[in-house]
Amino acid sequence: MKDLEMISTVYLCLKACLVMEQRINLKRWLHFLLFSLFFDISFGEVRYVLPEEMQLRSVIGNVARDLGLEVRELDARRARVVAEGTSQLCELDTASGNLLISQRIDREELCAQASVCIIQYQLLLEDPLQAYSLVLDIEDINDNSPVFAAREINLDLVESTVLGRRFPLESAHDPDLGTNSVREYKLSPNDHFALEMSTQINGNAYPELVLKKALDREAQAEHVLKINGIDGGNPVRSGTASIHIRVLDANDNVPVFSQRVYKASVPENSAIGTVIATLNATDLDEGVYGEITYSFSHLSDKMGGVVEMNPLSGEVRVAGVIDYEEASKHELDVQAKDGGGQASHCKLIIDVIDVNDNKPVIEVKSASANVAEDCRPGTMVALINIYDLDTGNSGRVTCTISDHVPFKFVSEVKNYYMLVTDGILDRELQPEYNITVTATDGGSPSLSSVKVLTIVVNDINDNPPTFTQNEFNANILENQPVGTFVMKVKAEDVDDASNAKLLYYISKDTNSEVSSFLTINSETGELFTSRLFDYEQSVHFQIKVTARDGGDPPLSTTCTVNVFIKDQNDNAPVILYPVQTTGFIAEDMVPLEAPRGYLVTKVVAVDADSGHNAWLSYRIIKATRHDLFIVGLHTGEIRTVRPFMEDDEPKQSVVVLVTDNGPESLSATATVSVVIGDGLPVLHELFEFADESQASDNLTLYLIVALLTVSSLFILLISGVFYFKLCRRGYVYRSTTDSLPVFPTTYCPSTLTDFSRCGTLLKDERYDSFLTTGSWRGDFRFGTNTDTDTLKKRSAAYQKNTLRRTSTDRSSLKVRAGPPHPCYVVT
């Protein structure tokens, strides 16, 4: 309150100085205003008092200094001055911080007859958004001269008019206010009339012509006078009108209004023809002198098309659009004149009643179309100016925004609303918001306006890439050329633009030796071989692939790729027994009395390949006698087909062809030398002839069972690929005979026990199940390369049986058997 009192005191002192001094220096006046401006800043707004009609580009004040801002901030923050529902009369010079006049300021045009003329502007700064209130108080200057509505005033006076009779005259109109408005009237020198001032009920003064000397029509029928309206400005301005008085024969009475001042009210936007008021004047004269006509003494251009008067009845009606926002009150001078020319005047005051005919106005003064998803709650997004031209409840506006959006309105300056964030933004959940701003006034019925603001949420790198699988499995045949496509890994990133652009590379967590096995296309995630793979050396390896996005800082994730090497038939069978050496073939002894189906010996062969590629078949391709021996198709057991005869050679030679089951089968041959010995005991455990037809039937049955088993396992592996690893499994056929040959260590090096296979059946994480003929006499066993004790026992049993079979001539059979080795064996 103390600051307000001080401002008022300064303001009154300034006006007093303007009255006392004839001329004032504009520069000194502006400095004085700046002094008073200092007190206004403390209220959160800057107020400038300036006279109207200042020259264009004149300086109103230095906004930067008054607001405590650096001048360089104005350009950097894109400062600008915006108007609130009015034209732009001033502009900001960002180079100097001065507020300049940009258009002609006419107080009378802006505020009409209002005692105080205030124009509201806003100074907006962006980055960050800030708003300051600028108030321009426009002071009136004496820039208008008094003007009479009629340049010539005609009066008809009868010669019998009594002395002292007063004749009201129309006041001169001066749009200026205060001392700059009309202050006095002067009448040209004459003998019959004087000029006196009278005051209406509302306090307005008007001139009256007073008859001081009796009129004599015969002596002077006309009188011409001059009346001057003079204002109180400095310098003084005046307006002149002529009074033409015609002296008539006696008309003793003038019209008399029932009221000196009529007051009426009319709602704005009333229909044309609506009666506003009915004026009534009476004249005691009769005849022509008693006939009264009504008219407006002075009607401005704006009101000329708004109201009209019936000259005979005195009814005032609506003739056009009445708008409260243009003027809330109209004061009209009405004249009643009789047939003799005498007239009287009254005042008609029309109050315009405001109705709710204006919707609220929504103006976006500044808006950020984009907002980062990691912005803090309370970040300003837009500055909106909302106002209503109506008054009272009709001008009270409530503002709302869409429900369930992370934004809210904050208002710190009247009619200005800041749209700020009110929660956490997540572009991945909602990339864009269409915020509906609704402004509703308090009228009845209420009016509302709607505006939609589109806010785009900018992406930040807050989501790491995600692989479609945590673990990928790939299969590749051995011996494929370098650069062979293996598989493609794929990752996704829910971020946008560069934050979602992914690059793939082999992770540093991968074993240094294994990391060089594959190369990867960094853009597509495609994996290619960078070396040749040998199934017999390595059947599986694992690498880790990392996907990294293009954010700053980048985010990454890693997946595991299991690569399984598939076997190809690239190894021919190897004969383990009988040992094939140059110049020497071991001989197997068989009793002369051996019956049909007697087990003579067994060809033992292995294949370094796996699965069907290592499934071996045996057949005799050459023999001394073709009808004497038969070899098991899949066991390699050589048995007699018939008993020996006297004419059979004592030494028989059998060439057995061993072939694998690969797409392009590979083979090896074994030469078996059989000696028929007389007197050798017949071992009954070696006597058993296999029924080939039954073996074939059983083979078919087992193949069907194996197919069903493999299919079932395949379905189980597909459903459990993320939870189980492929089992290592081998199948061993066990015959009734305990003879188990030992594989040479030269064929099964101990250094390969972790990754490679040993022999036809071996340890493998991915096994192929199959059946062999003759399996009805044995069973399936799962072997491991770590069961050394079992292998030693079987090796010992095999050597014992061999020695027992050849007890009559041990020197004739030479078996090269190395030390037991943890590899699989086949009987």
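What percentage of the 827 residues of the protein chain count as buried? The figure is 46%.

## The model at a glance

This is a predicted model, so let's start with how far to trust which parts. Averaged over the protein chain, pLDDT comes to 79, and 80% of the residues score at least 70. The N-terminal stretch is another story: residues 1-43 have a pLDDT below 50, and the model gives this stretch 40 contacts beyond near neighbours in sequence. Residues 727-827 also stay under 50 in pLDDT, and for them the model has 210 contacts beyond four places in sequence.

As for secondary structure, the protein chain has eight helices and 53 strands. If you take its contacts with a separation of 6 or more, 70% of them come from residues 24 or more positions apart. The protein chain exposes about 42,200 Å², with carbon and sulfur atoms supplying 52% of that area.

## Two nonpolar cores

In soluble globular proteins, nonpolar side chains tend to be buried together. Here, the largest nonpolar core holds 29 residues. The members that touch the most others are Leu50, Ile60, Val81, Leu99, Tyr121, Leu123 and Leu136. Two or more residues come from each of these elements: the strands β1 (45-51), β3 (80-83), β4 (90-93), β5 (98-101), β6 (118-125) and β7 (130-139), plus the helix α3 (63-67). A second core, separate from that one, has 27 residues, including Phe472, Val486, Tyr504 and Tyr535.

Back in the largest core, Ile60 is a handy residue to click on. Setting aside neighbours within four places in sequence, Ile60 is in contact with Tyr48, Leu50, Cys90, Leu99, Leu100, Ile101 and Leu136. Of these partners, Leu50, Leu99 and Leu136 are also listed among the core members that touch the most others.

## A nonpolar patch on the surface

Not every nonpolar side chain is tucked away. Phe714, Ile715 and Ile718 make a nonpolar surface patch of about 350 Å². Phe714 sits in helix α7, which covers residues 692-719. Why does Phe714 count as exposed? Its relative accessibility is 53%, and the cut-off for exposed is over 50%.

## Backbone oddities: cis prolines

Two peptide bonds leading into prolines are worth a look. The bond from Asn234 to Pro235 is cis, with omega near 5°. Pro235 lies in the loop that links β13 (222-231) to β14 (238-248).

Further along, the bond from Tyr577 to Pro578 is cis too, this time with omega near -5°. Pro578 is in the loop between β41 (574-577) and β42 (580-581).

## Backbone oddities: positive phi

Which phi does Glu53 have, given that it is not a glycine? The value is positive, about 65°. Glu53 lies in the loop between β1 and β2 (59-62). Its relative accessible area is 26%, so Glu53 counts as partly exposed.

Asn415 is another non-glycine residue with a positive phi, at about 70°. Asn415 belongs to the loop between β28 (407-413) and β29 (416-421). With 23% relative accessibility, Asn415 is partly exposed, because buried would require a value under 20%.

Technical notes. Residues are numbered from 1 along each chain as its sequence is written. Side-chain values use heavy atoms; hydrogens and water are left out. A nonpolar core is a set of buried Ala, Val, Leu, Ile, Met, Phe, Trp, Tyr and Cys residues joined through side-chain atoms within 4.5 Å. Buried means under 20% relative accessible area, exposed over 50%, partly exposed in between (1.4 Å probe, protein chains only). Helices (H or I, at least four residues) and strands (E, at least two) are DSSP runs, numbered from the N terminus. Contact means heavy atoms within 4.5 Å. Patches are made of residues with over 30% relative accessible area and no salt bridge: like charges are joined within 9 Å, nonpolar side chains (Val, Leu, Ile, Met, Phe, Trp, Tyr) within 5 Å. Accessible areas come from the Shrake-Rupley method with a 1.4 Å probe; for residues, only the protein chains shown count as cover. A salt bridge is a side-chain nitrogen of Lys or Arg within 4 Å of a carboxyl oxygen of Asp or Glu. pLDDT is the predictor's confidence in each residue, from 0 to 100.
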